[in-house]
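Here are a few short exercises to work through with the model open beside you. Try each one before reading its solution.

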Amino acid sequence: MNIGDGLVLICAIGFALHIVYTGKFSNKHKALPLTIIQLLTVSLLSFISAGLFERSSIVSTALLNMDVLIALAVTSILATALAFLLQTKFQQITTAARVALIFAMEPVFAALTAFLLINERLTTNGLIGCFLIFLAMIVSELPNMKILKTSINQETSL
């Protein structure tokens, strides 16, 4: 295990906590104010972290580049604000486990998109990873399928 693996583990724990707490609080609060609080918190912590860990010359040079500003606007509005708002809204009607599985599908969709758009091929390990993600989705839904089958059998016997 190296420093990168440790950072990935910390991020995974952070994302898991985010999903669990979003599920907990999305049922008690409206989606828009909750999302705004999340984004303001992340923005503040990111700004502080950039000041502590990044060289100021890189940050100021990057912010003067129009391509960087456009990419920042697109990713902050569409990929972050809109995505968090939708997650918060729809997590009111689903479970944290399902949200985690949907997020786990991101690399699968990225691989499929890369294959369709630029003819990129997956390695054997990549294909195994996709298979394991699909298998996890199926296995996680099995208890719900059992409950559904039981309720259907009860209704048909009445």
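**Exercise 1.** Is Phe 25 buried, exposed or partly exposed? Classify Tyr 21 in the same way.

*Solution.* This is a predicted model, and the areas are computed from it. Buried means under 20% relative accessible area and exposed means over 50%. Phe 25 comes out at 32%, so Phe 25 is partly exposed. Tyr 21 has 44% and is therefore partly exposed.

**Exercise 2.** Find how many aromatic pairs there are, and work out the geometry of the rings of Tyr 21 and Phe 25.

*Solution.* Ring centres must lie within 6.5 Å to pair. The count is one aromatic pair. The ring centres of Tyr 21 and Phe 25 are 6.2 Å apart and the planes meet at 20°, so the pair is stacked. Both residues belong to helix 1 (residues 3-26), where they sit four residues apart, about one turn of the helix.

**Exercise 3.** Describe the packing of helix 2 against helix 4.

*Solution.* Start with the angle and the distance between the axes: about 135° and 9 Å for helix 2 (residues 31-53) and helix 4. This makes helix 2 oblique to helix 4. Their crossing is right-handed. Among the contact residues are Leu 34 and Gln 38 of helix 2, and Phe 84 and Lys 89 of helix 4. By type, the contact has seven nonpolar residues, four polar and one charged.

**Exercise 4.** Which residues does Gln 87 touch, leaving out those up to four places away in sequence?

*Solution.* First place Gln 87: this residue is in helix 4 (residues 66-90). Its relative accessible area is 9%, so Gln 87 is buried. Gln 87 touches His 18, Ile 19, Thr 22, Val 99 and Phe 103, not counting residues up to four places away in sequence.

Methods:
Residues numbered from 1 in each chain as written. Predicted model: local features only at pLDDT ≥ 70, side-chain atom pairs only at ≥ 80, totals over all residues. Heavy atoms only, no water. Phe/Tyr/Trp six-rings, centres within 6.5 Å; stacked < 30°, edge-to-face > 60°. Helix = DSSP H or I, 4+ residues; strand = E, 2+ residues; numbered from the N terminus. Buried < 20%, exposed > 50% of the residue type's maximum accessible area, 1.4 Å probe, protein only. Contact = heavy atoms within 4.5 Å. Axes fitted to C-alpha atoms, helices over the stretch in contact; angles between N-to-C directions. Parallel < 35°, antiparallel > 145°, perpendicular 65-115°, else oblique. Left-handed = near helix turned anticlockwise from the far one by under 90°. Nonpolar A, V, L, I, M, F, W, Y, C, P; charged D, E, K, R; others polar.
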